[in-house]
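I wanted to get to know this protein by looking things up one at a time. These are my notes, in the order I made them.

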Amino acid sequence: MAGQRPFNPGVSLAGAVDLEALKHQVKAEPGQAGGAPAAGGYVIDTTENTFQAMVQTSATFPILLLLWVPTDDRLFDMARQLGDAVNQLNGQIQLSRIDIASNPSIAQAFQVQGAPALFALINGRPMPILQGLPSAEEMQQIVDAVIPNLVASAQQAGVTGSAPYSGDPDSDAANSAAGAQEQVPPEHQEAYMLAQQGDYAGAAAAYEKVLEADPNDARAARERAKALLLARSANANVREVRAAAADNPDDVKAQLAVADIDMIGGQIQDAFDRLLDFVAAGHKADIEPVRKRLLEYFTIPEPTDERLKRARRRLATLMY
């Protein structure tokens, strides 16, 4: 792989989709018969609207970027193999697929002239892996060596969080991952679509309406908490947030901000302990904002999660 360079979304160079792809176009949508593999599991589709949020999350977990055209049947096998390889790692890395025909500005930013192109993204920095269709040997090397090495490189750089599991439970990619998510309920559709578009504040407000109609909707409560979390901190500079928390150990806002970063990175125990330790260290005057944030966090893990049970007990002890 080539050396790292800072990503500059302002780069504007001419990019063109491979005209040969016109001979290989299919009309089927991803996931449909004869179409490309659908997103799912730890495979997402990214657009210009959600691109910046995706770049920010690469500070939490590594991302494999596939710049492709999802109607070009020459790319289907590559997309399927990458999706299977990523899903087998259970969140250690995410595959983000970008349709460069529909999102040409992203192709221009990466200075690619056609599809496919493969990049890694760690801490907002892209690393070129491949341009053009890989041979069988190259594809095997990517699956067997390159992807595991990306995970190891990310861990060495302190990027150790877990990618969120999401997607269509009927897709090839989702079925290759452990378990399949239930279908999105009709009353959740608006909120779900807003979240997929990167409008996390809008999604949180939409989930709030669902909860007003049914306060016992545990899924809506969980997804609202996730949306609020991402609305606050998805675009935060992780290093700056952690430095501010270390420099201001008595500042509740700084501790809440870094706890958000922990939660986004899947470090649930660290988030719980950080806020509970903060209160226990003599900051009981700040217990109300901490309590509210923890109650929000508590809706995210499974109710049977032992970390949740311990944190609830400790919070109750600190309050009285």
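The entries below go from the whole chain down to single residues.

**Entry 1: the overall picture**

I started by checking what kind of model I had, and it is a predicted one. I then looked up the secondary structure and found 13 helices and seven strands. The chain has 320 residues, and 47% of them count as buried. I also looked up the accessible surface, which comes to about 15,500 Å², with 50% of that belonging to carbon and sulfur atoms. Then I asked how much of the contact list links residues far apart in sequence. Among contacts with a separation of 6 or more, 70% are between residues 24 or more positions apart.

**Entry 2: the nonpolar cores**

Next I went looking for the greasy inside. The largest nonpolar core has 49 residues, and L64, L65, L67, L82, L118, I129 and I142 have the most contacts inside it. Helices and strands both feed into this core: α1, β3, α2, β4, α3, β5, β6 and α4 each supply at least two residues. Which of these gives the most? That is α4, with seven residues.

I picked L67 for a closer look. Setting aside neighbours within four places in sequence, L67 is in contact with I98, I100, A107, F110, V112, A115, P116, A117 and F119. I noted that another core lies apart from the largest one; this second core has 24 residues, including A225, L229, I264 and L315.

**Entry 3: two helices**

I took α2 first. This helix has 12 residues and reaches 16 Å from first C-alpha to last, close to the 16 Å expected. Its buried residues are F76, M78, A79, L82, G83, A85, V86 and N87. I reminded myself that an α-helix has 3.6 residues a turn, so residues three or four places apart point the same way. With that in mind, I reread the buried list and marked M78, L82 and V86 in it.

Then I did α7, which covers residues 200-213. It has 14 residues and reaches 20 Å, close to the 20 Å expected. Here Y200, G202, A203, A204, A206, Y207, V210 and L211 are buried. What do the buried residues of α7 pack against? They pack against α1, α6 and α8.

**Entry 4: a histidine in a loop**

H188 caught my eye in the loop between α5 and α6. Is H188 buried or exposed? H188 counts as buried because its relative accessible area is 1%, under the 20% cut-off. Its side chain makes a polar contact of 2.8 Å with the side chain of D217. Leaving out residues up to four places away in sequence, H188 touches Y207, V210, D217, R219 and A220. Two of those, Y207 and V210, were already on my buried list for α7.

**Entry 5: salt bridges**

I counted charged pairs next, and the structure holds 14 salt bridges. Side chains of opposite charge can pair when their charged atoms come close. One of the bridges joins R232 and D260, at 2.7 Å from N to O. R232 sits in α8 and D260 in α10, 28 residues apart, so I wrote down that this pair links distant parts of the chain.

R232 also forms a salt bridge with E296, again with the closest N and O atoms 2.7 Å apart. This pair links distant parts of the chain too, since E296 is in α12, 64 residues from R232. I checked how covered each partner is. R232 is partly exposed at 34% relative accessible area, D260 is buried at 1%, and E296 is buried at 14%.

R307 and D305 make another bridge, at 2.7 Å. Salt bridges that share partners join R232, D260, R293 and E296 into one network.

**Entry 6: odd backbone spots**

Most residues other than glycine have a negative phi, and most peptide bonds are trans. I searched for exceptions. A cis peptide bond joins A115 and P116, with omega about 0°, and P116 is in the loop between α3 and β5.

N90 is not a glycine but has a positive phi of about 50°. It is in the loop between α2 and β4 and is partly exposed at 47% relative accessibility. N123 also has a positive phi, near 55°. N123 belongs to the loop between β5 and β6 and is partly exposed at 29%.

Notes: Residues numbered from 1 in each chain as written. Predicted model: local features only at pLDDT ≥ 70, side-chain atom pairs only at ≥ 80, totals over all residues. Heavy atoms only, no water. Helix = DSSP H or I, 4+ residues; strand = E, 2+ residues; numbered from the N terminus. Buried < 20%, exposed > 50% of the residue type's maximum accessible area, 1.4 Å probe, protein only. Polar contact = N/O pair within 3.5 Å; in protein donor to acceptor, adjacent residues only side chain to side chain. Contact = heavy atoms within 4.5 Å. Salt bridge = Lys/Arg side-chain N within 4 Å of Asp/Glu carboxyl O. Core = buried A, V, L, I, M, F, W, Y, C linked by side-chain atoms within 4.5 Å. Expected span 1.5 Å × (residues − 1). Areas by Shrake-Rupley, 256 points an atom, 1.4 Å probe, with all protein chains shown as cover.
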